[in-house]
Amino acid sequence: MRTKMVAGNWKMNKTLQEGVALATELKEALKQQTPKCEVVIATPFIHLASVAQVIEGSPIRLAAENCADKAQGAYTGEVSAAMVRSTGAEYCIIGHSERRAYYHEDYSILREKVLLALENGLKPIFCIGEVKEEREANIHEQVVKDQLEGSVFNLTAEQFAQVTLAYEPVWAIGTGLTATPAQAQEMHAFIRKTVAEKYGAQVADDTTILYGGSCNAKNAAELFANPDVDGGLIGGASLKAPDFCTIIAAR
Ligand code: PGA
């Protein structure tokens with residue numbers, strides 16, 4: 001049985017104090033509402049250690065939004081996977097489209113990050129997804145296949161079993177334009193088939209595939225109702241505890 005999951009991606013939002021307050025609010029809210037799925041929040045690096053303390057003893061798990069592509073050393077401003085793990089974080093988002101687009105993270109950089117995360121005991125939440133022009137050109141399936149082959153299909157089956165995939169069509173991120181449930185299901189089924197071709201049916205069946213891109217309190221339930229949509233990676237709507245809790249309840 002694969003893990004169902006709702007993960008929040010705070011991106012570059014919230015000061016430390018605001019982030020601690022949000023995590024506290026979420027923890028309190030989840031005392032009233034026992035989640036039926038894994039709940040993860042991905043916070044900026046500087047929040048991790050403090051948020052880890054806040055959520056101790058709660059069902060909330062912690063993620064970083066990124067990690068360095070180098071193990072350690074003279075890389076000013078970078079944060080290593082080992083450092084992330086040392087805060088208590090268990091997951092790490094890797095390959096978010098904003099990292100790919102604005103920080104030029106290519107397949108080989110992301111391959112290094114995934115390996116370093118795994119070596120340091122972090123479970124990658126690996127993001128894939130096409131831009132609008134690629135969907136319009138009807139090459140979206142090939143794009144996500146290339147992204148998988150470029151950065152995670154080098155892994156052994158044991159390593160790959162630690163990876164959660166997040167299908168995030170770039171045209172849907174932060175735009176209010178959600179993929180239809182049918183579009184999401186079609187892509188998730190394609191991704192699962194692609195994983196099956198590489199690692200076999202059992203691994204594919206066990207792989208958690210999240211949907212991300214303007215998933216919110218209103219549309220989460222119909223997205224999650226699809227057999228291959230195992231949960232969501234939530235940006236904007238994860239910044240408000242009541243909305244995030246509604247999404248968790250939909251899973
Ligand atoms: P969004 O972001 O929910 O604000 O569209 C999702 C994401 O980028 O993970």
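Reader: Which residues of strand β4 point one way, and which the other way?
Author: In this predicted model, Tyr91 and Ile93 point one way from β4, which covers residues 91–94, while Cys92 and Ile94 point the other way. Buried is the state given for all four of these residues.

Reader: And what does β4 pair with?
Author: Strand β3, residues 60–64, pairs with β4 in the parallel sense over two bridges, and β4 also pairs with β5 in the parallel sense, over four bridges. Among the bridge partners, Ala64 is matched with Cys92 in β4, and Ile94 is matched with Phe126 in β5.

Reader: Which helix goes with β3 and β4 in a β-α-β unit, and is that unit right-handed or left-handed?
Author: The helix is α3, residues 81–86, and together with β3 and β4 it makes a right-handed β-α-β unit.

Reader: Where does Asn66 lie, then?
Author: Asn66 lies in the loop between β3 and α3, and it counts as buried because its relative accessibility is 9%, which is under the 20% cut-off.

Reader: What is Asn66 in contact with, leaving aside its neighbours within four places in sequence?
Author: Asn66 is in contact with Phe45, Val84, Cys92, Ile93, Arg99, Glu105 and Lys113, so two residues from β4, Cys92 and Ile93, appear in that list. With Lys113 there is also a polar contact of 2.8 Å between the side chains.

Reader: Changing topic, which residues of α7 are buried?
Author: The buried residues of α7 are His140, Val143, Val144, Gln147, Leu148, Gly150 and Ser151. What covers them includes the helices α4 (97–102), α5 (107–119), α6 (132–136) and α9 (181–199), together with the strands β5 (123–128) and β6 (164–167).

Reader: How far does α7 reach from its first C-alpha to its last?
Author: Helix α7, with 12 residues from 140 to 151, reaches 17 Å, which is close to the 16 Å expected at 1.5 Å a residue.

Reader: What about Asn138, what is its phi?
Author: Asn138 has a positive phi of about 60 degrees although it is not a glycine, whereas most residues other than glycine have a negative phi. Asn138 is found in the loop between α6 and α7.

Reader: Is Asn138 buried or exposed?
Author: Asn138 is exposed, because its relative accessible area is 59%, and the cut-off for exposed is over 50%.

Reader: And what is the phi of Lys11, and where does Lys11 lie?
Author: Lys11, which is not a glycine either, has a positive phi of about 55 degrees, and it lies in the loop between β1 (5–9) and α1 (16–32).

Methods
Residues numbered from 1 in each chain as written. Predicted model: local features only at pLDDT ≥ 70, side-chain atom pairs only at ≥ 80, totals over all residues. Heavy atoms only, no water. Expected span 1.5 Å × (residues − 1). Buried < 20%, exposed > 50% of the residue type's maximum accessible area, 1.4 Å probe, protein only. Contact = heavy atoms within 4.5 Å. Pairing = 2+ DSSP bridges. Right-handed = clockwise from strand over helix to strand, strands pointing away. Polar contact = N/O pair within 3.5 Å; in protein donor to acceptor, adjacent residues only side chain to side chain.
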